[in-house]
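Hi,

Here is the structure I promised to pass on. Have a look at it first, and then read my notes underneath.

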Amino acid sequence: MTLMMYGIKNCDTIKKARRWLETHQIAYQFHDYRVDGLDHTQLTAFIRLVGDWQPLLNTRGTTWRQLSDAERAAVIYAESAIALLLAHPALIKRPLLVSGERALLGFNAESYHAFTAEKE
């Protein structure tokens, strides 16, 4: 099973996560939302994998703070979140690490160790 990492290449957390995988010689493919794109089907699959849309929405970053109050208030259900995340992929919490039907959101060395040690 190919390990996939989703995110934005210039993100500091992505850089830490990629460095961790490379240091531990764990093969993975990287999908940059800005370069490789993101569509409704992918985002819907991410929501299914993590269990809900709320964990994917990064409300702590500058992109969220730059949105208007109306744009932030409009995110009340999955489809409204998907529309906003497709328009602003930087709002997706990162990295998202996916292996088959398993996903891990964010970066923590211990979590990465456990996630990559598990067999599908």
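Strand 1 (residues 4-7) and strand 3 run antiparallel and are joined by 3 bridges. Helices and strands here are DSSP runs (H or I of at least four residues for helices, E of at least two for strands), numbered from the N terminus. Two strands count as paired if DSSP finds at least two bridges between them. Within this pairing, Tyr-6 has Leu-96 of strand 3 as its bridge partner.

Before I go on, a word on what you are looking at: this is a predicted model, where local features need pLDDT of at least 70 and side-chain atom pairs count only at pLDDT 80 or more, while totals for chains, interfaces and linings use all residues. Residues are numbered from 1 along each chain as its sequence is written, and side-chain values use heavy atoms, with hydrogens and water left out.

Back to the sheet. It is an open one, made of 4 strands in the order 2-1-3-4, with mixed pairing. Strand 2 (29-32) and strand 4 are the edge strands, each pairing on one side only. On average, neighbouring strands are turned by 20° against each other, direction ignored; for that angle, axes are lines fitted to C-alpha atoms (for helices over the stretch in contact), and angles run from 0 to 180 degrees between N-to-C directions. Strand 1 and strand 2 are paired in the parallel sense, over 4 bridges, and here Tyr-6 stands opposite His-31 in strand 2.

On the other side of strand 3, strand 4 pairs with strand 3 in the antiparallel sense over 4 bridges. These two strands form a hairpin with 2 residues between them, and Gly-100 in the turn has a positive phi of about 60°. Val-98 sits opposite Ala-103 of strand 4, and Leu-96 has Leu-105 of strand 4 as its bridge partner.

How are the faces of strand 3 covered? Both are: Leu-96 and Val-98 on one side, and Leu-97 and Ser-99 on the other, are all buried. Buried means under 20% relative accessible area, exposed means over 50%, and partly exposed is in between (1.4 Å probe, protein chains only). In strand 4, Arg-102 and Leu-104 point to one face and are buried, while Ala-103 and Leu-105 point to the other and are not. In a regular strand the side chains alternate between the two faces of the sheet.

Next, the charged pairs. How many salt bridges does a search of the whole structure find? There are 3, a salt bridge being a side-chain nitrogen of Lys or Arg within 4 Å of a carboxyl oxygen of Asp or Glu.

- Glu-101 and Arg-48 meet through their side chains at 2.6 Å, N to O. This pair links distant parts of the chain, 53 residues apart: Glu-101 is in the loop between strand 3 (96-99) and strand 4 (102-105), and Arg-48 is in helix 3 (residues 40-50). Glu-101 is exposed at 52% relative accessibility, and Arg-48 is exposed at 51%.
- Asp-69 and Arg-72 meet at 2.3 Å, N to O. They are separated by about one helical turn because they are 3 residues apart in helix 5 (residues 69-73). Asp-69 is exposed at 58%, whereas Arg-72 is partly exposed at 23%.
- Glu-118 and Arg-102 have their closest N and O atoms 3.0 Å apart. They too link distant parts of the chain, 16 residues apart, with Glu-118 in the segment after helix 7 (109-117) and Arg-102 in strand 4. Glu-118 is partly exposed at 44%, and Arg-102 is buried at 16%.

Now the largest pocket, which holds about 380 Å³ of space. It has 17 lining residues, and the closest to its centre are Thr-13, Asn-58, Gly-61, Lys-93 and Arg-94. On a 1 Å grid over the protein atoms alone, a pocket is an open set of points where a 1.4 Å probe fits, with protein on both sides within 12 Å along at least five of seven lines; lining residues have an atom within 4 Å of a point. Grid points are joined across faces, edges and corners, and the volume is the space filled by probe spheres set on the points. The lining divides into 5 nonpolar, 8 polar and 4 charged residues; Ala, Val, Leu, Ile, Met, Phe, Trp, Tyr, Cys and Pro count as nonpolar, Asp, Glu, Lys and Arg as charged, and the others, Gly among them, as polar.

One last backbone detail: Arg-94 and Pro-95 are joined by a cis peptide bond, with omega about -5°.

Cheers
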